[in-house]
Amino acid sequence: RHDVEFPGFDGTTLRGWLYAPDGGAPAPGIVMMHGFSATKEMALDQYADVFARAGFAVLAYDHRCLGASDGEPRQLVDPYVQVRDLLCAVDWLASRAKVDDERLGVWGSSYSGGHALLAGAIDERIKASVANVPFVGWPSRLSSASPDAFDALVARV
């Protein structure tokens, strides 16, 4: 695993880990990102290790404003910007010499599960999208409810 950095859609520096495959032939690639405000250190490495041992090149990175990536204000979660940055991450990984740019996938956990689904729907290069426990919407009955409505819903589950 190597520390890497690459530019996001507006030039903001994003940082992560590249798990480069051993061997000569280019490997399929996976871009991985964590959910909502989580960072790559929060168990992404365990998944990336498994994929790398199976022969994939893996880029696991922090969203802008979170973890090791640049961006202000810190802790800002902007799904529109995060999806644009995800496409930049796909660009970057696809440009690596040891990556087969015809076999690319994205893997998002929780909030980023929705990002993975959207990116796979809009970018033809992405051949597989994995949404690990995705958060992909908001119940319509809560859209005009009080701030306590979500807590009440969760308490019933």
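How many bridges join E3 to E4, and do they run parallel or antiparallel? Select both strands, E3 (27–33) and E4 (57–61): 5 bridges join them, and they run parallel. Helices (H or I, at least four residues) and strands (E, at least two) are DSSP runs, numbered from the N terminus. On this pair, isoleucine 30 stands opposite valine 58 in E4.

Before you go on, note that this is a predicted model, in which local features need pLDDT of at least 70 and side-chain atom pairs count only at pLDDT 80 or more, while totals for chains, interfaces and linings use all residues. Residues are numbered from 1 along each chain as its sequence is written, and side-chain values use heavy atoms, with hydrogens and water left out.

**The sheet**

Now show the strands together. An open sheet of 6 strands appears, in the order E1-E2-E4-E3-E5-E6, with mixed pairing; two strands pair if DSSP finds at least two bridges between them. E1 and E6 are the edge strands, each pairing on one side only. On average, neighbouring strands are turned by 25 degrees against each other, direction ignored. Such angles run from 0 to 180 degrees between N-to-C directions, with axes fitted as lines to C-alpha atoms, for helices over the stretch in contact.

**Two helices on the sheet**

Add helix H1 (residues 44–53), which packs on the sheet and touches E2, E3, E4, E5 and E6. Its direction makes about 175 degrees with that of E3. Contact here means heavy atoms within 4.5 Å. Next, add H2: this helix packs on the sheet too, touching E1, E2, E3, E4, E5 and E6, and its direction makes about 150 degrees with that of E4.

**The cores**

Select Phe6, Val31, Leu59, Tyr61, Leu86, Val90 and Val106, which touch the most other members among the 21 residues of the largest nonpolar core. A nonpolar core is a set of buried Ala, Val, Leu, Ile, Met, Phe, Trp, Tyr and Cys residues joined through side-chain atoms within 4.5 Å. Buried means under 20% relative accessible area, exposed over 50%, and partly exposed in between (1.4 Å probe, protein chains only). H2 gives the largest share of this core, 6 residues. Apart from it lies another core, of 9 residues, including Tyr19, Met32, Leu44 and Ala60.

Centre on valine 31: not counting residues up to four places away in sequence, its contacts include Leu59, Leu86, Val106 and Trp107.

**The crossover and histidine 115**

Move to E5 (residues 99–109) and E6 (residues 126–132), which run parallel and are joined by 6 bridges. The chain crosses from E5 through H3 to E6, a right-handed β-α-β crossover: with the strands pointing away from the viewer, the path from the first strand over the helix to the second runs clockwise.

Within H3 (residues 111–122), pick histidine 115. Histidine 115 is buried, at 5% relative accessible area. Its side chain makes a polar contact with the side chain of glutamine 82 at 2.7 Å (N or O atoms within 3.5 Å; within protein, one must be able to donate a hydrogen and the other to accept it, and residues adjacent in sequence count only if both atoms are side-chain atoms).

**The loop between E4 and H2**

Finish at cysteine 65, in this loop: its phi is positive, about 70 degrees, although it is not a glycine, and at 2% relative accessibility it counts as buried. Glutamine 75, in the loop between E4 and H2, has a positive phi near 70 degrees, but counts as exposed at 52%. Proline 73 lies in this loop as well; a cis peptide bond joins it to glutamate 72, with omega about -5 degrees.
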